[in-house]
Amino acid sequence: MSSWSEATARQRIAGLLDAGSFIEFLPPERRAVSPHLRELGQPAAFDDGVAVGRGTLDGQTVLIAAQEGAFMGGAVGEVHGAKITGLLERARTERPAAVLLLLESGGVRLHEANAGLIAVSEIMRAVLALRAAGVPVIVLNGGRYGVFGGMGITTCLCDTLIMSEEARLGLSGPEVIETTMGVEEFDAADRALVWRVTGGKNRTILGEATLVADSIDAFRAALVAAMQPKPLTLETLEAEHATLGNRLDRFGDMEDAVDIWAAMGIDNPQRLPLLDTDAFLQAVKGAGA
Amino acid sequence: MERLEFEFAGGKPVAARNKPVLAGVLGSGNLEVLVEPADLKGRVRVEVETAARGFGPIWQAVLTDVFERWKLGNIRISINDAGATPAVVALRLDQALQEYAGGDA
Amino acid sequence: MKIDDLLPQLFPNGYDIAFDGDYFAGQGDGVAVIGTRDRAAIGAELAFRMAGEVLRICRDHPGRPILLLVDTLGQKMSRKDETICLNAYIAHLAKCLDVARRRGHRIIGLVYGEAVSAGFLSSSLLADACYALPEAEVKVMNLPAMSRVTKIPLERLEALSETSAVFAPGVANYIAMGAVRGLWEGDLARCLQDALAGQDDPDTDRRREDGEARGGRLLACRVAAEVRGAVPNDAA
């Protein structure tokens, strides 16, 4: 079983799709590099940190993007963002079975901050347009750097999120909160706390994610079962509004995720971080988010 | 940033039909290596962009060693380096050339 | 500009807008208004309230245009908000605005104070068209903080920001890059009416074209187009 978190973006694509089926758009030899990084004297990757293309998954055509966390933390710059937006727009005409976003990103790349922020906004609009067209957009989040900032928002705009326990999802990273608000607000060095807040288990308990083990095979298996579009309508959003309102009322003022898990009626909630994926899913079955 | 260029001769040209290959990622202490076909009259050209200045002689030594093992020609190699050690550089080049040349080498 | 000075200029015939802390909502001249003031931090509760108002407008006032007046220093930095998944609340607001747009509600954003990072992403950047007052502040991060994080000397960043719109704060840069369509000056009620009279297709995001035409963002348009219509590279 090969690990998702230890794989590079390209290894994830190769492991997920049917063997040999991946065709890359704007591949590295086209050298779509960031001129802004060059201008600041920073190394600039040939693919600007994201690979995009088409392939098949169990014979079904999918479009796919994979961010490389090892390059600048997967941060979004002008070229990087435009590649993802272009892929999402392409899906509106090609209508693949799904668009797979293999995300790993700290958010906006500060070296080209304005361009990155606008690029994230364009990705968000393109995801929403694609959902309106009925093509499912699925996020796979299992990288070491997690998914934060604007890509954290983008993740929650998509139809489905598949996530490993070790992965993280949030808006502001714990280090940023600690630096800005003080260690009393968020102790970023407390790894167990960071994972209770941002990790795959808490996101699964809240109903935001489907939890899988840290293996490419596990992500693939979960994907095959998840390729249905979930329409966004006034009615579905009113239901989502009720769910989020309930969460805010019940859990918005709780000090720790463990308190939330207890309030949901999960027995011995403090043991949840120690359980493996299967035991965890068994333990939280039927809990009321 | 420093930009370096090297050329090597005496290898066997690889068929131009081979698809470009990318190995490695541009992360801290790592590098990415792009191998492409190029009509270079049988030579190999290597272009390096590196965050670490002043290591030209070490690059020359590592690359010379690599192309003594890989007798290839008509390829262009582009490297983006974020401070990789010579051992990592040699490993990535071996991976990239193995995938690129396959049975041709 | 203070919101108390702004509203009478936007709605000289009167308006009915209720304030509650840093949040406000209501209507003026048949335009729904949703906003924040005093550099509000966008937390889960604030995003939730704004989303709820969008849904209420969709239900009770089909087709009514929506004006977003969001003054924000960015997302709320809070462990509790992160624990309940703040990004899901902000994404929910984005989804509500998009569904409203597709149900025929024109959505206009006006940056009248500050617009920073995720606070900007979750509001005016989701409008059909985003405008700004000349004195508005738009940014991801100020240059000294950016210098600390990127370890690039401040002088270098300052020098480059003279010629590049790509990273330095400022409304002018966001106009050059296409994210802000234009400035509102003079008769603000007239500016609003003109913006409301415009038309934007919900499936077309013209900001890249604007950024390219204005010379502030030269790559995004071409790169996205190449990926959208790229010829598979196995043809060779």
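Helices here are DSSP runs of H or I with at least four residues, and strands are runs of E with at least two, numbered from the N terminus. On that basis chain B reads β-β-β-β-β-α-β-β-α along its sequence. The model is predicted. The points below cover the build of chain B, two nonpolar cores, and two residues with positive phi.

**Chain B: fold and dimensions**

- Chain B contains seven strands and two helices.
- The radius of gyration of chain B is 13 Å, close to the 13 Å that the globule rule gives for 105 residues, so chain B is as compact as a globular protein of that length.
- Taken along the principal axes, the box filled by the C-alpha atoms of chain B is roughly 35 × 20 × 20 Å.
- Counting contacts in chain B between residues at least 6 apart in sequence, 84% link residues at least 24 apart.

**Chain B: burial, surface and charge**

- Buried residues make up 50% of the 105 residues of chain B.
- The exposed area of chain B is about 4900 Å², and 52% of this area comes from carbon and sulfur atoms.
- Chain B carries 12 positive and 14 negative charges, and the mean positions of the two sets lie 4 Å apart.

**Nonpolar cores**

- The largest nonpolar core comprises 132 residues.
- The residues with the most contacts inside this core are Leu88(A), Val99(A) and Leu101(A), together with Ile66(C), Phe120(C), Phe167(C) and Tyr174(C).
- Helix α4 (residues 113–132) of chain A supplies the largest share of this core, with twelve residues.
- Another core, of 30 residues, lies apart from the largest one and includes Leu4(B), Val44(B), Ile77(B) and Ala84(B).
- Beyond its neighbours within four places in sequence, Ile66(C) is in contact with Ala32(C), Ile34(C), Val54(C), Ile57(C), Ala100(C), His105(C), Arg106(C), Ile107(C) and Ile108(C).

**Positive phi outside glycine**

- Arg31(A) is not a glycine, yet its phi is positive, at about 55°.
- The loop that holds Arg31(A) runs between β1 (23–25) and α2 (35–39) of chain A.
- Arg31(A) counts as partly exposed because its relative accessibility is 24%, and the partly exposed class lies between 20% and 50%.
- Cys85(C), also not a glycine, has a positive phi of about 75°.
- In chain C, Cys85(C) sits in the loop between α3 (79–83) and α4 (86–102).
- Cys85(C) has a relative accessible area of 0%, so Cys85(C) is buried, the limit for that class being under 20%.

Key:
Residues numbered from 1 in each chain as written. Chains lettered and ligands numbered in written order. Predicted model: local features only at pLDDT ≥ 70, side-chain atom pairs only at ≥ 80, totals over all residues. Heavy atoms only, no water. Rg over C-alpha atoms; globule rule 2.2 N^0.38 Å. Buried < 20%, exposed > 50% of the residue type's maximum accessible area, 1.4 Å probe, protein only. Contact = heavy atoms within 4.5 Å. Areas by Shrake-Rupley, 256 points an atom, 1.4 Å probe, with all protein chains shown as cover. Lys, Arg positive; Asp, Glu negative; His and termini not counted. Charge placed at Lys NZ, Arg CZ, Asp CG, Glu CD. Core = buried A, V, L, I, M, F, W, Y, C linked by side-chain atoms within 4.5 Å.
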